[in-house]
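User: I would like to learn how to read this structure, one feature after another. Where should we begin?

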There are 2 protein chains.
Amino acid sequence: MVSLQVTFQPSAKRLLVEPGHTVLEAAHAAGIQLRAECGGKGLCGKCKVQVSGYEGYTEEEMEFFSQNELRRGFRLACQAIVDKNLTVYIPEESLARKQRILVEGVTRKILLAPNVKKIFLKLPEPSLEDNRTDVERLRDSMEYDMRSVSLEALNQIPVAMRDSKFEVTLVLLGDELVGCERGDTSDRCFGVAFDVGTTTVVGYLMDLNSGEQCAVKARMNPQISYGDDVISRINFAQNPENLDRLRRSLRDCLMGIITELADAAGTRKGEVYELVVAGNACMQHLLLGISPRSLAVSPYIPVVKEPLSVPSTLYGKRMYVLPMIAGFVGADTVADIIAHPLDDRLRLLIDIGTNCEVVLGTEDRVLACSTAAGPAFEGTHIRYGMRAAPGAIERVEINDHVTVHTIDDEPPQGIAGSGLISVTAELLRNGLINAAGKLQTSERFASRMKNDSFVINGAIAVTQKDLREIQLAKGAIFAAQRILLKTYGVTVKDVEEIALAGAFGNYIPKEAAKDIGLIFDIPTEKIKGIGNAAGVGAKLCLLSVKERKKARVISESVNYVELSSRKDFQQEFVDAMYFPHSNLELFPLVRERLARTNPSFRSVSNLIPTSE
Amino acid sequence: MVSLQVTFQPSAKRLLVEPGHTVLEAAHAAGIQLRAECGGKGLCGKCKVQVSGYEGYTEEEMEFFSQNELRRGFRLACQAIVDKNLTVYIPEESLARKQRILVEGVTRKILLAPNVKKIFLKLPEPSLEDNRTDVERLRDSMEYDMRSVSLEALNQIPVAMRDSKFEVTLVLLGDELVGCERGDTSDRCFGVAFDVGTTTVVGYLMDLNSGEQCAVKARMNPQISYGDDVISRINFAQNPENLDRLRRSLRDCLMGIITELADAAGTRKGEVYELVVAGNACMQHLLLGISPRSLAVSPYIPVVKEPLSVPSTLYGKRMYVLPMIAGFVGADTVADIIAHPLDDRLRLLIDIGTNCEVVLGTEDRVLACSTAAGPAFEGTHIRYGMRAAPGAIERVEINDHVTVHTIDDEPPQGIAGSGLISVTAELLRNGLINAAGKLQTSERFASRMKNDSFVINGAIAVTQKDLREIQLAKGAIFAAQRILLKTYGVTVKDVEEIALAGAFGNYIPKEAAKDIGLIFDIPTEKIKGIGNAAGVGAKLCLLSVKERKKARVISESVNYVELSSRKDFQQEFVDAMYFPHSNLELFPLVRERLARTNPSFRSVSNLIPTSE
């Protein structure tokens, strides 16, 4: 009997199963815990998945899905039978245990100055002597300036006033009156900050009266089913219907997160008055329904980079979308800088995602650029790669034995980005790969060396092809850092800190990252994980309009460096594909460390063959 | 066999028919020409009517109507059988010939300065050297200030630019960019001005490049099916569902008019960029979905009187709603004054509708008030009353014979408002009613005097009850004028002009209006019909932002007089119910004229019985 391959997304886990098993059984075999409260009888509807190209469905499935959902491939994992090779997308809510998504982050103290104000007023009742209109009555009773009144507020005003004996709470967004509520509701005032990534969307429910975080919820970006990276989504969005599909899927994701946040914190969705969004340029374009096509062709410009305050079709009265720097240095980078403000020290900030943004500078002068790192560090295009979920290998030690550390100490399921960096550094240290990334023969580990790959644990191995993917990713990221330093006119000795941002950045093994040449060879104490800085920056902008002003200044003052216009980029990229680099003089401490166990690093200073 | 009564709305025509006839047959018998292209076979669906309380329907009707429409009483007139007393509402579009609605009006020359600007731009294409965002590129190429960009414009910009080699036409509303179109469309720029009345809605399609009127279309206000006057609609709107029903029915009416206008003028609806609305306070509240409940109780205040520019859910990017003066002196009155501007002469402006607004003043000082004239002059509550449609009697002469003049010289169908004034004046002149409005016995017209009524033509008569309705209406309108003069501190001799506005005002027989005491006894050459001034004012405000500024000044500077707070109003009202007035010294010329043929006006000067 022929085995069939099932690939689970977004974790990228793959396995072979015999025909006739259900998708639920396959998922369990792959170590993915799907919800199945009914025990797989098609009764609870919790094991919802999206199966591309799958056609049959059962009566049980007709109960749970609309015709439209069935067309879009929604199925119950306990009902769908594996009868050919399948790709199965698992929505976040169908997972029994959620993927680990970084939601903490450095914070700094700010004064609360939210854009939302709630004001309780006891108004004099109208009479023949006092026949001001409702709006005049409000305006006259308020100390704040009220430049305009939204139609929604106008719809609420007469009813709220007269149903509550003229005791009402006004909701102001800036100088616009956007709501009028019965009685005193001034102690209930919330907002949600969003970090909208290509892969992950995180929402933070904030109490705008206290500045406290009430709840955090994250979901996978559902646009993943239309393409892993921004370029494939931009291509998909070429026609207006698909653009709208992407817009709606992201909007629904944000709405779902708001619902979860409100449920978790015991607030009503109507008490959420403003949303603040930080995302990369493509995500922000798609969320607003703006065609991102200009981002995909030179000179890679966004349609708009200014901040936008738009009426929200979600809960909340308005959505404030943070400003960007350039087409591939988006509001997420602005938010990174808000969270980790520039000062008088020369610092590098690196946000590693599917796209990698690099910022270099001080409060007086800043450069930024972006480079396509690719999804290797997020588990895609890697044979046994997976995202940072329980069971993902995040650290490897190769001595006499090979030791692996997994997330939550679960049995190993695959390799996370941090594990990839770790294993590459260990292979290099042990001479199992050379500086050009080629797997070497080894007597000591002969049993692990097979089929052009190195077996880490059980079936899990790192392949020669994987190593090439890692070289491409780290080459691009390091070349970007080099170009920025050159453009700035400084050397690595001038760099006083490297801050690693992003969900992945926080878990990077710092020594290993230097060993493979992902980042510069500076003392480890100068390397800092700053967590999900984009989310922190979005929160700060939700809590204070002053931070929004700073964001605007950042978006206007950061100088964008377009790498594709740099003639030296290609050479820097090629040089940086070596482990750690073709020019070992750039990595003196790393070289010394590697030379202890790998003799090939003892004599050379430049790894490029002499013929070149 | 018992005859059944069928009442047609909004014309208020009534007739008796034998059971078994179709509604279409009944309509034809009543002189109402319904569309019936298929000859009444239930095939064309053009004779659509709304029948209250009618339950059965045919298969043909199921073809044309949704379940929801059937529930709301929609039927085909050719299929619905008269089997009990029925009230039938005839939508404007089902009429073969439309009701005459006044759409002309005095105009004055203004400089074109519309809020909408279209600007054609040839933009430099982006390059690595010129990597400004799309919005920056637009902003830099424009001489106009661009304060903000709407989300809709942002959605259009990247596509329009790249589909047309960076040659685009921008649409600006004030300083907001609201649209971006491919190529040069700057010669296609339109707006629609609306006069939204309780009974009638008129739309004017204006070319904003030339200032020319391209088309005019009018429809009955569909809210009529929820009540004839504003008070009954306010009562109906007490709960949110009904408020929304009223809002939607009016919005649909406006959308229908825009479609008709565009079809008539050969424009696309997408080329209509702004709507300007002038209506009474209640209509404007309902159109915006704002509860009008505060208008119905003392002190009768609107929720808001400032002008509003709101995103339009209709065609057009924005709807500009003109400012009001008070709860019952709305934007229609402001528009009246815009159309017929105040100057240094002391003038009265009277807009007669279901509500009557009276304005008195000069450019330096203005008073305004409102009074409920009731719908008598619009044909409702009058036995044979009807609106100004073909066949409506608009003038009557009583000498030896009774001569009638009808609209379009059609066979008489009923009496229009102008006809009511005319016949009342003639009855008075001939001594057939006394000053207290009581029908007198007459040998000369004995055959016409029956059942407490005076037969005008065929079955058409004016009844004693009709005369009471006329007295109530004209009493209220005249009392309002008197109070304004008193408050202003002037007498009728100081009044230099009486301007009569509104569809009905234009057709009032001036002499007769003075004879019955509807307006002051001033020389006829000082009385002027100014047509549908509210519509003209709305058009002017569409064509020029300067006129909008004037409207704002008018709304803030006109002093509102609340008649219900005036202790003398009741007495003025009672005095003014006499024909022409209890105090004949106020009507010296009228008295002289009436005295020639009616001896009772020869000796008295005050008609109030001495006992009072």
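User: In which hand does H9(A) pass H14(A)?

Analyst: H9(A) passes H14(A) in a right-handed crossing (the near helix is turned clockwise from the far one by less than a right angle; anticlockwise would be left-handed). Helices here are DSSP runs of H or I with at least four residues, strands are runs of E with at least two, and both are numbered from the N terminus. This is a predicted model, in which local features need pLDDT of at least 70 and side-chain atom pairs count only at pLDDT 80 or more, while totals for chains, interfaces and linings use all residues. Residues are numbered from 1 along each chain as its sequence is written, and chains are lettered from A and ligands numbered from 1 in the order in which they are written.

User: At what angle do H9(A) and H14(A) pack?

Analyst: Two packed helices are described by the angle between their axes and the distance between the axes. Helix H9 (residues 331-339) and helix H14 (residues 545-557) of chain A pack at about 120°, and their axes are 10 Å apart. H9(A) is therefore oblique to H14(A). Axes are lines fitted to C-alpha atoms, for helices over the stretch in contact, and angles run from 0 to 180 degrees between N-to-C directions. Under 35 degrees is roughly parallel, over 145 roughly antiparallel, 65 to 115 roughly perpendicular, and the rest oblique.

User: Which residues make the contact between H9(A) and H14(A)?

Analyst: From H9(A) come Val334(A), Ile337(A) and Ile338(A), and from H14(A) come Glu547(A), Lys550(A), Ala551(A), Ile554(A) and Ser555(A). Contact means C-beta atoms, placed from the backbone, within 7 Å. By class, the contact of H9(A) with H14(A) has five nonpolar, one polar and two charged residues. (Nonpolar: Ala, Val, Leu, Ile, Met, Phe, Trp, Tyr, Cys and Pro; charged: Asp, Glu, Lys and Arg; polar: the others, Gly among them.)

User: How far apart are the axes of H11(A) and H15(A)?

Analyst: The axes of helix H11 (residues 464-488) of chain A and H15(A) are 8 Å apart, at an angle of about 130°. H11(A) and H15(A) are therefore oblique to each other, and H11(A) passes H15(A) in a right-handed crossing. On the H11(A) side are Gly475(A), Ala476(A), Phe478(A), Ala479(A), Arg482(A) and Ile483(A), which meet Phe569(A), Glu572(A), Phe573(A) and Ala576(A) in H15(A). This contact of H11(A) with H15(A) has seven nonpolar, one polar and two charged residues.

User: What are the angle and the axis distance for H11(B) and H15(B)?

Analyst: In chain B, helix H11 (residues 464-488) and H15(B) pack at about 130° with axes 8 Å apart. H11(B) crosses H15(B) in a right-handed way. The residues that H11(B) gives to this contact include Lys474(B) and Arg482(B), and those from H15(B) include Phe569(B). Its classes are seven nonpolar, one polar and three charged.

User: Where is Pro580(A) found, and what is the form of the peptide bond before it?

Analyst: Pro580(A) lies in the loop between helix H15 (569-576) and helix H16 (588-597) of chain A. The peptide bond from Phe579(A) to Pro580(A) is cis, with omega near -10°. In chain B, the bond from Phe579(B) to Pro580(B) is cis as well, with omega near -5°. Pro580(B) is in the loop between H15 and H16 of chain B.

User: What is phi of Asp408(B)?

Analyst: Phi of Asp408(B) is near 60°, a positive value in a residue other than glycine. Asp408(B) sits in the loop between strand S20 (402-406) and strand S21 (414-415) of chain B.

User: By what turn can chain B be laid on chain A?

Analyst: Two copies of a chain are related by a rotation about an axis and a shift along it. Here the turn is 179° and the shift along the axis 0.1 Å, giving an RMSD of 0.2 Å. The two copies are thus related as by a two-fold rotation axis. Pro311(B) has the C-alpha nearest the axis in chain B, at 5.3 Å. (Copies are superposed by least squares on C-alpha atoms of residues with pLDDT of at least 70 in both.)

User: How many residues does each chain give to the contact?

Analyst: Chain B gives 33 residues and chain A gives 33 residues. H5(B) supplies the largest share of the side of chain B that touches chain A, seven residues. That side has 17 nonpolar, nine polar and seven charged residues. Of the interface residues of chain B, 100% are also interface residues in chain A, so the copies meet through the same surface.

Note on methods. Contact = placed C-beta atoms within 7 Å.
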